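Please open the structure in your viewer and keep the selection tool at hand. The stops below say what to select next and what can be found there.

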Amino acid sequence: MAPEPIHPIRVGHIDDVQELRKSKPSIIPERFVRDMTERPTLATPMPCSTDIPTINFSKLVKGTKDEIKTEISQLAHASENWGFFQVVNHGIDLSILESIEKVAKEFFMLPLEEKKKYALAPGTVQGYGQAFVLSEDQKLDWCNMFALGVVPNFIRSPMLWPTNPENFSESVEVYSTEVRKLCQNLLKYIAMSLGLNGDVFENMFGEAVQALRMNYYPPCPRPDLVLGLSPHSDGSALTVLQQGKGNSVGLQILKDDRWVPVKPIPNALVINIGDTIEVLTNGKYKSVEHRAVTHKEKDRLSIVTFYAPSYEIEVGPMAELVDENNPCKYRRYNHGEYSKRYVTNKLQGKKTLEFARIRTKSQTT
C-alpha cells in the first residue's frame, strides 16, 4: 500500500459526497465539476456491453478436455482484446459475497464522525475518504472510498480496521481468503493460455500483495458533470470487482476509443488485467483504462480486490514472449518502486506505466 508522504501534502477542502447529498442535494461543488473533455456523455447510445467475454470458471476447474480448451481460448481472447471479463460459477459461496456487501454498505451508512475515526491521511491510500488526491486544485471523484491492506501482514494498518459493523473484520478476512484463491487459479489458467507452465506466476510473485477497496457512489443531481472514479488502469496483476446487487450500472471500460458500460451478470465477478500482467506478457494481454459514472437517482457500491506481486519482485517482459517479431516493449523495474509511483500520483489513464515503456525510434520522432 502507500508509503508515508515525505513532505506534507496540501489537498484543500474535500467534501464528503454522502454529506453533500444530505445537506445540499442539488449542489455540485466546483471541485467535482469536470472539464468539458472529461464529462461523461450519458445521453449518447453506448455499444452493447454483453459482448464483454464471460468465463465459466467451473468448466476450467472440472470440465471435459474440450470444455477446458474452449474456456482457456476464451480467456486468451478476453485478456488480449478486452482486458476485462466476467467470471461465473467462480466457486465463492454466495453467502460470502452477500456478507461483504452487507458490512460494506453498513460501514458507509455510519455517521460521518464514526467513519472519520478511520480517515485516510493525505498522500496515502488506506482508510476512509478520497485517495489519489495530491493537490488543492485537483478535481474530485463523486465517491467515498474505504481501503485496507490485507496481505502480507506488514501492509496492514490495524487501527484502520473498524469494530463497527461488529463482523466487519471477519467478513473481510473470509472474503479475501476466497478471492485470493480465485486470483491464484485464474493466473494459472492465464499462464496456460499463453502456453506457459501453470505455476509460473505463483512461483514468480512470492507472497503476493492483496488489498481491498470499497467504493460508495451516492446519487448525483448532475451525473453529466462528474465522474464517480477518474479514468485509470490498475497497477495490479489482477483486479476482482464485485458490484452491489441491484445497483446502477457505473463501470465503463475504454474499448476502441469508446466508453463501454459493463452490466454485471448476477452473482458474477468482474476481472480485469492489471499493468503488471501487461508488462509480463510484453503487451500481449492488455491493462485497459476504466472509469465509473454516477446516476441521478440510484446509488452504487463496489468491492474491489487488487492482487499483485511481492514488492521485492523485479517485473519485466517474460523471455518466452519476446522475440524479433515482438521486441521488448517495457524495461524491467522493481514492483515496490512501481507501487509507490502508482499510489503517489493521481489517477490519470495509463500515465503511471509510461516510465517503463520502451520507445522505438518511430515513436520518439
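Begin with helix H4, and colour its buried residues, which are Ile96, Leu97, Ile100, Glu101, Val103, Ala104, Phe107 and Phe108. These residues cover an arc of only 165° around the axis, which puts them on the same side of H4. The reason such a pattern can arise is that an α-helix has 3.6 residues a turn, so residues three or four places apart point the same way. Bear in mind throughout that this is a predicted model. If you select the whole of H4, residues 94-108, you can also check its length: at 1.5 Å a residue, its 15 residues should span 21 Å, and the end C-alpha atoms are 21 Å apart, which agrees.

**Next stop: helix H3**

Now select residues 65-81, which make up helix H3, and repeat the check of length: the 17 residues should span 24 Å at 1.5 Å a residue, and the end C-alpha atoms are indeed 24 Å apart. Which residues of H3 are buried? They are Glu71, Ile72, Leu75, Ala76, Ala78 and Ser79, and because they cover an arc of only 165° around the axis, they lie on the same side of H3. Turn to the face of H3 that points away from this buried side, and you will find the exposed residues Asp66 and Lys69.

To see what covers the buried residues of H3, add to your selection strand E1 (54-56), helix H2 (57-62), strand E2 (84-88), helix H6 (168-193) and strand E10 (269-273), which are among the covering parts. Before you leave, select Gly83, which follows H3 and has a positive phi, near 75°.

**Next stop: the nonpolar cores**

Select Phe146, Ile190, Phe201 and Met214, for these are the residues that touch the most other members of the largest nonpolar core, which has 69 residues. The largest share of this core, eleven residues, comes from H6. Centre the view on Phe201 and show its neighbours: leaving aside residues up to four places away in sequence, Phe201 touches Leu187, Ile190, Ala191, Leu194, Ile277, Leu280 and Met318. There is also a second, separate core, made of twelve residues, and Ile52, Trp82, Leu241 and Val304 are included in it. As a general background to this stop, in soluble globular proteins nonpolar side chains tend to be buried together.

**Next stop: the aromatic rings**

The structure holds 14 aromatic pairs, and a good one to select is Phe146 with Phe168, an edge-to-face pair whose centres are 5.8 Å apart and whose planes are at 65° to each other. Phe146 lies in strand E4 (residues 144-151) and Phe168 in helix H6, so this pair ties together parts that are 22 residues apart in sequence. Are these two residues buried or exposed? Phe146 counts as buried, at 1% relative accessibility, and Phe168 is buried as well, with a relative accessible area of 0%. Widen the selection to Phe107, Phe108, Tyr118, Tyr128, Phe146, Phe168 and Tyr216, and you will see the rings that form one aromatic cluster.

**Next stop: polar contacts in two loops**

Select Ser287, which lies in the loop between helix H8 (275-280) and strand E11 (290-292), and which counts as buried because its relative accessibility is 2%. Its side chain makes a polar contact with the side chain of Asp275 at 2.7 Å, while a polar atom of the Ser287 side chain lies 3.5 Å from the backbone oxygen of Ile273.

Move on to Thr124, in the loop between helix H5 (112-115) and strand E3 (127-129). Thr124 counts as buried at 9% relative accessibility, and its side chain reaches the backbone oxygen of Ala121 at 2.6 Å.

**Last stop: backbone exceptions**

Most residues other than glycine have a negative phi, and most peptide bonds are trans. With this in mind, select Val151 and Pro152, which are joined by a cis peptide bond with omega about -5°, and then Asn164 and Pro165, joined by a cis peptide bond with omega about 5°. Pro152 is in the loop between E4 and H6, and Pro165 is also found in the loop between E4 and H6.

Finally, compare Asp257 with Asn282. Asp257, in the loop between strand E8 (251-255) and strand E9 (258-261), has a positive phi near 65° and counts as exposed at 73% relative accessibility. Asn282, in the loop between H8 and E11, has a positive phi of about 55°, but counts as buried at 2% relative accessibility.

Methods: Residues are numbered from 1 along each chain as its sequence is written. This is a predicted model: local features need pLDDT of at least 70, side-chain atom pairs count only at pLDDT 80 or more; totals for chains, interfaces and linings use all residues. Side-chain values use heavy atoms; hydrogens and water are left out. Helices (H or I, at least four residues) and strands (E, at least two) are DSSP runs, numbered from the N terminus. The expected span of a helix is 1.5 Å times one less than its number of residues. Buried means under 20% relative accessible area, exposed over 50%, partly exposed in between (1.4 Å probe, protein chains only). The arc is that of the directions from the helix axis to the C-beta atoms. Contact means heavy atoms within 4.5 Å. A polar contact is a pair of N or O atoms within 3.5 Å; within protein, one must be able to donate a hydrogen and the other to accept it, and residues adjacent in sequence count only if both atoms are side-chain atoms. A nonpolar core is a set of buried Ala, Val, Leu, Ile, Met, Phe, Trp, Tyr and Cys residues joined through side-chain atoms within 4.5 Å. Rings of Phe, Tyr and Trp (its six-membered ring) pair if their centres lie within 6.5 Å; planes under 30 degrees apart count as stacked, over 60 as edge-to-face and the rest as tilted.
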